[in-house]
Amino acid sequence: MNQFFCRVVSTVASNAGSYLTLPSIVMSLSLEPPPLPNPKTGAQLKLRFASFCTGLPQANHHRRASRFSLYPTFGSRATVTAILKTREEGKRAVTEPAEPPVRIVAVVGEGSFSPLICAMWEEVMLHTAKRLKWVDEGYEMVVFTDNFCQSNDQTAVNLQKELFCADILVVVAVTKLDSVKWIQTNSRNIPNIICFESNLDLVNKLGGSYVHSETRGSMFGKIVGIAQLKKTNETKEVVQTVSEAWDRHNSDDIRFCLLVIINAYIRPVPILKNLRAKGFSTLNCMVKNCGPRILDCLLDPNCRKALQCLNKCSPVDQVCNYRCIASYESPKLEAFSLCVLQKHNCLDLDAKIPEKPYVQPMLMFRGKDLCYETAEDIFVGWLGSLDWSWRVVAGQNPAYDHFPCQYQLFYRGKAKGSFWYEPVFQVKTLEGEMVWRRRKYRVKRAKVPGTFYFSVLDNGVVSNEFWTIVDVSEDFSWGLFHYHGAARVAGQSYTGAVLVSPDGAYPKQTKGGRLSYALEKCGVKEWELYTVDNCSCEDPPLGIPEGSSLHSMVDVEDQGWASVQGLPNV
């Protein structure tokens, strides 16, 4: 057995770049600040979230040199530092030079519709511009429609100015020949160009190199094949990651595509820190501390399948990674990741819970100020009248909110002051089998009523989350909960929002656009929500521990929605 173990360790060492997509073995992508004001729009004006480009040097080792001496080249650029006088000592403190902004230009086909519940591409890309700011204020994205050829000359001039400064050009649903020719003429010096659903004569570039392929039929077809791209495996991985993410058709992944390109070709994006095992120190940590757990995992069919599945995912692609985990979770996988990641942090990662967007909790419920006890009762919801607290109608996060048949169980524990959350949900495994999964979160009150700290051990890795009760109707016919979270040692940060109701059906009425307003507080558009499949949910493994208690302040009998829908009151 010792000799076999040595051979396994040797195999792990020789395949460190493949087996050990370690933080992928754990959970949790997405980030975000309060909704920014809606930009002014106009048929003849560009749409933007940034000022016009200025004469700042594009100081980054991935960036091209400017075409005029006003923009110093990389080799000769001047470094500007800010000198500040401290109040305490009156000394001069030199700060690091601010990084230049990352400039992105998006051109979309005028009047074109996206696959996101019929939202127009113009609106989708404008919203993406907002959400990029939540990741980094230095990401400046402007959005144009392709009507510049028919509009006044100033619109075309404005677009030319933006293209001159652009690090990335995104072209979406542009098919008109005059627009295509104009873009070809005015984008030759942009180092990164990606085209989706557009005329095939538009070319793609990554890192200044043209990307070609023999495949020309798919949405991102000219990049998928990369047949003539003389670049590294890293470039191939970027191409694959961007292509697969775009094809998932959700707002998180559209933003993710841009972040991947920024990270690879412009400057590092901290939340996309490469999570693959690298170097001897990681391997040494694993073998020294977790040798038996590695062996157990490699000998277990499900655990081994999980590692093989994860190896096919980009290490920063949370959607792909968590599908692997949920499909093949097992005690061996949990022990493996608990040892390698949670106990010994062999990848030396430290993800933080995102601070943005700031989402204000609801302040009042049924005419009274919201208190902690009432907020907990809102979470408990329908449990007691029904076998569950809430059912998820729709969710925003593509990795964690989209599973079928999601039931929420909130309850007070036996210990004084204890509160628990247990989600129960279905997973369609990658082998096509439908299985039930269940997690258990400890819930603690945060500083403001309506906000809570959640923590869970998910497949061996602890995730900590900050939840907000955004709004709940007085009759409990629907609710909206928002969360920020991080799996620290997995290097994963994420956010999401879930719309809930007692039966999993979409709310029939929301007074005065109340639901839309609640979503806006979260920085979420209604077309971003993914509707949960609640059609085939037989025999969910529900139930709560004996001795648990439910409501403290809210009288379930007051929930008038039950009588309207024919559900039993208690």
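A cavity here is a set of grid points where a 1.4 Å probe fits but cannot get out. With that in hand, here are the close-ups, all from a predicted model.

**View 1. The largest cavity, with about 290 Å³ of space in it.**
Its lining is made up of 21 residues. Y400, D401, Y421, P423 and Y441 are the ones that lie nearest the centre. Two or more lining residues come from each of β13, β14, β18 (461–472) and β20 (492–501). Of the elements involved, β14 gives the largest share, with 4 residues.

**View 2. D401, a buried acid with no salt bridge.**
Here we zoom in on D401, one of the residues nearest the centre of the largest cavity. D401 sits in the loop that runs between β12 (390–395) and β13 (407–412). Which side chain of opposite charge is nearest to D401? That would be R131, and it is 9.5 Å away. A salt bridge needs a side-chain nitrogen of Lys or Arg within 4 Å of a carboxyl oxygen, so R131 doesn't make the cut. What D401 does have is a backbone partner: a polar atom of its side chain lies 3.3 Å from the backbone nitrogen of Q396. Skipping the neighbours within four places in sequence, D401 touches G395, Q396, Q406, Y483, G496, A497, V498 and V532.

**View 3. The largest pocket, holding about 620 Å³ of space.**
Count the lining and you get 28 residues. Nearest the pocket centre are V319, R323, P398, H402 and Y530. Elements that each put at least two residues into the lining are α8 (251–265), α11 (318–328), β14 (419–428) and β21 (530–531). Which element supplies the largest share? It is α11, with 5 residues.

**View 4. Y322 in helix α11.**
This close-up stays with α11, the helix that gives the largest share of the pocket lining. Y322 has 4% relative accessibility, so it counts as buried. As a distance to check on screen, the C-alpha atoms of Y322 and L310 are 8.7 Å apart, with the two positions 12 residues apart along the chain.

**View 5. R267 and E99, a salt bridge between two loops.**
The closest N and O atoms of this pair are 3.8 Å apart. R267 is in the loop between α8 and α9 (279–299), while E99 is in the loop between β3 (92–94) and β4 (102–108), so the bridge ties together parts that are 168 residues apart in sequence. Are the two partners buried or exposed? R267 is buried, at 3% relative accessible area, whereas E99 is exposed, at 54%.

**View 6. E376 and R445, a salt bridge inside a network.**
In this pair the closest N and O atoms come to 2.9 Å. E376 belongs to helix α13 (residues 372–380) and R445 to strand β16 (residues 441–445), so the contact links parts 69 residues apart in sequence. E376 is buried, with 5% relative accessibility; R445 is partly exposed, with a relative accessible area of 39%. Shared partners extend the picture: salt bridges join E373, E376, D377, R412 and R445 into one network.

**View 7. K525 and E520, another salt bridge.**
The N to O distance for these side chains is 3.7 Å. K525 counts as buried at 17% relative accessibility, while E520, at 26%, is partly exposed. Across the model, the salt bridge count comes to 24.

Note on methods:
Residues are numbered from 1 along each chain as its sequence is written. This is a predicted model: local features need pLDDT of at least 70, side-chain atom pairs count only at pLDDT 80 or more; totals for chains, interfaces and linings use all residues. Side-chain values use heavy atoms; hydrogens and water are left out. Buried means under 20% relative accessible area, exposed over 50%, partly exposed in between (1.4 Å probe, protein chains only). Lys and Arg count as positive and Asp and Glu as negative; His and the chain ends are not counted. A polar contact is a pair of N or O atoms within 3.5 Å; within protein, one must be able to donate a hydrogen and the other to accept it, and residues adjacent in sequence count only if both atoms are side-chain atoms. Contact means heavy atoms within 4.5 Å. On a 1 Å grid over the protein atoms alone, a cavity is a set of points where a 1.4 Å probe fits but cannot get out, and a pocket is an open set with protein on both sides within 12 Å along at least five of seven lines; lining residues have an atom within 4 Å of a point. Grid points are joined across faces, edges and corners, and a volume is the space filled by probe spheres set on the points.
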